[in-house]
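Here are a few short exercises to work through with the model open beside you. Try each one yourself, then check your steps against the solution.

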Amino acid sequence: MRDHPWRGVRSRAAALAACTLTAALVATGATPAYAAADTERPTTPGAITVVAVDTTWVELTWAASTDNVGVVRYPVGARFEDNGAQYSTDTTSIRITGLRPSRTYTFSVWALDAAGNSSVSNPTLRLTMPPGDDQPPSAPGQPVAYDVAATLVWLRWAHSVENVALERYEVFRVGAGGTLTRVSEVYQYPPGRNSTQISGLTPNTTYTFVVQARDEAGHLSPLSAPVTVTTLPPPPSCAVRSVVRQWSDGFVAHLVVTNTGTTTVDGWTMTWRFWASQQVHGIWGAKVVDRLNNSYLRVRNTSRNAVIPPGGSVSLGLVATGTQLPEEITLNGGPCTVADE
């Protein structure tokens with residue numbers, strides 16, 4: 001049987017159409033088959049330059065990388081201290097927003113090709129953002145001392161007024177001749193906290209503290225008015241005699257607290273184990289202060305029993321729900337021995 005005269009023409013036409021389709025796919029951006037085998041890295045992008053900058057954004061540009069196949073994108077990193085973020089662009093420029101005034105950022109850029117090869121020796125740029133304001137914050141409120149113990153004290157104060165953003169509060173101990181020693185920093189990211197604990201203090205010693213605010217541009221507020229506080233004597237030794245009458249869902253406890261140390265206790269707080277589900281129905285010989293971590297009840301003396309001389313005792317009582325009886329009792333931070341009757 002002879003070949004049809006058009007058969008060769010049709011075969012050549014099909015081959016030509018296949019070539020045309022392949023060329024069209026390449027022309028429309030399809031990844032060429034040889035890209036998967038590409039192992040050559042793009043060249044290093046050019047040096048980073050600043051096109052424009054404001055207090056919270058920057059526009060950067062750089063010279064393009066070259067590659068044997070083609071660069072597909074440029075990842076860009078922005079780092080401040082130990083915090084960083086990554087961005088990406090398919091051009092040789094980028095605008096990064098959401099930055100903070102007066103912060104010093106390190107920007108870096110590198111190139112990636114279609115096979116995932118990355119450039120090396122990537123350029124970096126260290127840039128300090130313009131300050132966001134030229135006004136210092138107002139002075140913080142005068143600190144108030146609370147929860148004073150033998151070796152630590154908590155301080156709180158009213159917030160400073162700032163037109164842009166506070167960075168932190170710095171707490172100083174005022175020494176002889178007005179010298180200032182920084183003892184605490186309270187950062188305001190996120191904002192809100194205006195208190196701190198000062199620890200490592202000496203028992204029965206008087207200290208003076210002041211607070212200063214610093215904004216994001218580095219401006220310092222005036223110092224707050226000072227607060228002077230005297231730490232408590234060392235925790236006393238104590239013994240507690242407990243008499244308890246208990247029923248299925250509550251109890252009455254009578255506590256006799258004896259100062260077994262050699263120093264007079266003048267003002268006291270006591271804590272003992274007390275679960276979050278328990279409720280106080282009545283208390284005498286003491287006043288409830290608060291609950292610590294929903295696990296302990298804290299009470300303090302009344303005006304009539306603040307002083308406990310060596311060998312002296314005070315009595316207090318409690319009516320409460322639950323089955324957790326007073327245990328792990330402390331007096332001014334010192335543990336007490338407990339004996340039940």
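**Exercise 1. Find out which residues Asn301 touches, leaving out those up to four places away in sequence.**

Solution. Keep in mind that you're looking at a predicted model.
- Step 1: Go to the loop between strand 22 (296-300) and strand 23 (307-308), where Asn301 lies.
- Step 2: List the contacts, skipping anything up to four places away in sequence; Asn301 touches Gly267, Trp268, Lys287 and Ala306.
- Step 3: Take a second look at Trp268, because its backbone nitrogen is reached by the side chain of Asn301 at 2.9 Å.

**Exercise 2. Decide for Asn301, Asn293 and Asn332 whether each is buried or exposed.**

Solution. You need two cut-offs here: buried means under 20% relative accessible area, and exposed means over 50%.
- Step 1: Asn301 has a relative accessible area of 13%, so it is buried.
- Step 2: Asn293 has a relative accessibility of 74%, so it counts as exposed.
- Step 3: Asn332 has a relative accessible area of 13%, so this residue is buried.

**Exercise 3. Work out where Asn293 and Asn332 sit, and what sign phi has in each.**

Solution.
- Step 1: Asn293 is in the loop between strand 21 (287-292) and strand 22.
- Step 2: Its phi is positive, about 55 degrees, although Asn293 is not a glycine.
- Step 3: For Asn332, look in the loop between strand 25 (330-331) and strand 26 (334-340).
- Step 4: Asn332 isn't a glycine either, and its phi is positive too, near 50 degrees.

**Exercise 4. Trace the open sheet that has four strands, and say which strands stand at its edges.**

Solution.
- Step 1: Follow the strands in the order 12-11-14-15; they pair in the antiparallel sense.
- Step 2: Each of strand 12 (180-187) and strand 15 (227-230) has a single partner strand, so one side of each has no neighbour in the sheet, and these two stand at the edges.
- Step 3: Check the twist: ignoring direction, neighbouring strands of this sheet are turned by 30 degrees against each other on average.
- Step 4: Zoom in on strand 11 (residues 166-174) and strand 14 (residues 206-215), an antiparallel pair with seven bridges.
- Step 5: Pick out Glu170 and you'll find Gln212 of strand 14 opposite.

**Exercise 5. Do the job again for the open sheet of three strands.**

Solution.
- Step 1: The order is 1-2-5, and the pairing is antiparallel.
- Step 2: Strand 1 (49-53) and strand 5 (93-96) are the edge strands, since each pairs on one side only.
- Step 3: Neighbouring strands here are turned by 20 degrees against each other on average, direction ignored.
- Step 4: Strand 2 (residues 58-61) and strand 5 are joined by four bridges in the antiparallel sense.
- Step 5: Find Val58; its bridge partner in strand 5 is Ile96.

**Exercise 6. Step back and describe the whole protein chain: how many helices and strands are there, and what percentage of the residues is buried?**

Solution.
- Step 1: Count the elements, and you get one helix and 26 strands.
- Step 2: Of the 341 residues, 36% are buried.
- Step 3: Turn to the contacts with a separation of 6 or more; residues 24 or more positions apart account for 65% of them.
- Step 4: Finish with the surface: the chain exposes about 18700 Å², and carbon and sulfur atoms supply 53% of that area.

Technical notes:
Residues numbered from 1 in each chain as written. Predicted model: local features only at pLDDT ≥ 70, side-chain atom pairs only at ≥ 80, totals over all residues. Heavy atoms only, no water. Buried < 20%, exposed > 50% of the residue type's maximum accessible area, 1.4 Å probe, protein only. Polar contact = N/O pair within 3.5 Å; in protein donor to acceptor, adjacent residues only side chain to side chain. Contact = heavy atoms within 4.5 Å. Pairing = 2+ DSSP bridges. Axes fitted to C-alpha atoms, helices over the stretch in contact; angles between N-to-C directions. Areas by Shrake-Rupley, 256 points an atom, 1.4 Å probe, with all protein chains shown as cover.
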